[in-house]
Amino acid sequence: MTSRKEEPTPSGNLTPLQRAQPKTNNVTADDITASLKAGVSDFVARPFMSGFFGLFYALFGLLFVWGLVWLGKTWMIIPAIVGFPLVAPFAAAGLYEMSRRLQKGTRFGWSEILTVMAHQRKRELGWMAFVTLFIFWVWVYQFRTVLVIVLQDSSFSDLEGFLNTVFFTSEGWTFLAIGTCVGAFLSAVLFSVTVVAMPMLLDRETDFVTAMLTSIRVVRENPVVMLTWAVIVSVTMLVSMVPAFLGLIVTLPILGHTTWHLYQRAVPPVGG
């Protein structure tokens, strides 16, 4: 019995999804360094507008935590603070547009940037927001599940009691170990599907599935470099939240601008 050799698929028979797959570049540590320099340069070029997005994000974080305290949901503060950076890529859409216009030398003001952001609700970026919020919801849900299973015999009525239980008991250490592993996995998943997808959807007319697959390819083909970038983002965001989220006023814009330039280096332009 002879096996049939599969004929190559003619280019004319490719599906739209196959046609639409963008090329990706190898990314090096030098690309991260260059992107960071460009991100800082963009922030310095328009510090007040960039800082506005950081301030908005920081104020939202403060209000979110205050709301949890007011509602008596102290157990949610830790997952909220740890998971808060997960939604940063979506919050940085305005920063991507700023970097795009600065890169092209296009003049712009508040109306141009806010108009572009408002227009995204009619495009695929809205679906990426859904993916982001869904993973954030999964993170909070699994945190609650592990909390109930591991700390079922513990009681805490306020934030201080909760923190004492988590950080100063053996059950709390077990809880932190399990939660950290699960959280790290979910963070890696979300980072992989969004690091390139978010700026790509703002930059191009493409569907969110293609954008996510492209983002995953970039991470898969450059695991060490992209993991390094993920660590830089995570540590910077968490440290920035220590002084009442205020550090985010500067760090979020710089990271957002940097992500745009890293995307430009990872995914060449159409026809490039």
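Axes here are lines fitted to C-alpha atoms, for helices over the stretch in contact, and their angles run from 0 to 180 degrees between N-to-C directions.

1. Overall make-up. The model is a predicted one. Its protein chain holds 14 helices and 0 strands, so the order of elements from the N terminus is α-α-α-α-α-α-α-α-α-α-α-α-α-α. The chain has 272 residues, of which 45% count as buried. Among contacts with a separation of 6 or more, 76% join residues 24 or more positions apart.

2. Helices α10 and α12. Helix α10 covers residues 170–194, and its axis comes within 6 Å of that of α12, with a crossing angle of roughly 110°. That angle makes α10 roughly perpendicular to α12, because angles of 65 to 115 degrees are placed in that class. On the α10 side the contact is made by F191, S192, V193 and T194, and on the α12 side by M212, S215, I216 and V219. Sorted by class, this contact has 5 nonpolar residues, 3 polar residues and no charged ones.

3. Helix α12 itself. This helix runs over residues 208–221 and has 14 residues. From first C-alpha to last it reaches 20 Å, close to the 20 Å expected at 1.5 Å a residue. At its N-terminal end D207 acts as a cap, with a side-chain oxygen 3.2 Å from the backbone nitrogen of V209. The buried residues in α12 are F208, T210, A211, M212, T214, S215, R217, V218 and V219. Of the α12 residues that contact α10, M212, S215 and V219 are among those buried. An α-helix has 3.6 residues a turn, so residues three or four places apart point the same way.

4. Helix α3. Residues 47–70 form α3, which has 24 residues. Its reach from first C-alpha to last is 34 Å, close to the 34 Å expected at 1.5 Å a residue. Buried in this helix are M49, S50, G51, F53, G54, Y57, A58, G61, V65, G67 and L68. Just after α3, G72 takes a positive phi of about 75°.

5. S35 in helix α2. S35 belongs to α2, which spans residues 29–45. Its relative accessible area is 1%, so S35 is buried. A polar atom of the S35 side chain lies 3.4 Å from the backbone nitrogen of L262. Leaving out residues up to four places away in sequence, S35 touches T258, H261, L262 and R265.

6. I32 in helix α2. I32 is also found in α2. With a relative accessibility of 6%, I32 counts as buried, because the limit for that class is under 20%. The C-alpha atoms of I32 and T258 are separated by 8.1 Å, although the two residues are 226 apart along the chain. Not counting residues up to four places away in sequence, I32 touches V225, W229, I232 and L262. L262 is thus listed for I32 as well as for S35. T258, whose C-alpha distance to I32 is given above, is one of the residues that S35 touches.

7. S99 and Q103 in helix α6. Helix α6 covers residues 93–104 and includes Q103, and S99 is placed in α6 as well. S99 is buried, at 0% relative accessibility, whereas Q103 is partly exposed, with a relative accessible area of 42%. Apart from residues up to four places away in sequence, S99 touches D42, H257, W260 and H261. With its neighbours within four places in sequence left aside, Q103 is in contact with W260, H261 and Q264. W260 and H261 therefore appear in the contacts of both residues, given a cut-off of 4.5 Å between heavy atoms. The C-alpha atoms of Q103 and A38 are separated by 9.5 Å, with their positions 65 residues apart along the chain.

8. M200 in helix α11. M200 lies in α11, which is formed by residues 197–203. It is buried, with a relative accessible area of 1%. Not counting residues up to four places away in sequence, M200 touches P22, T206, A211, T214 and Y263. A211 and T214, both in that list, are among the buried residues of α12. The C-alpha atoms of M200 and V267, which are 67 residues apart along the chain, are separated by 8.5 Å.

How values were computed:
Residues are numbered from 1 along each chain as its sequence is written. This is a predicted model: local features need pLDDT of at least 70, side-chain atom pairs count only at pLDDT 80 or more; totals for chains, interfaces and linings use all residues. Side-chain values use heavy atoms; hydrogens and water are left out. Helices (H or I, at least four residues) and strands (E, at least two) are DSSP runs, numbered from the N terminus. The expected span of a helix is 1.5 Å times one less than its number of residues. Buried means under 20% relative accessible area, exposed over 50%, partly exposed in between (1.4 Å probe, protein chains only). A polar contact is a pair of N or O atoms within 3.5 Å; within protein, one must be able to donate a hydrogen and the other to accept it, and residues adjacent in sequence count only if both atoms are side-chain atoms. Angles under 35 degrees count as roughly parallel, over 145 as roughly antiparallel, 65 to 115 as roughly perpendicular and the rest as oblique. Ala, Val, Leu, Ile, Met, Phe, Trp, Tyr, Cys and Pro count as nonpolar, Asp, Glu, Lys and Arg as charged, and the others, Gly among them, as polar.
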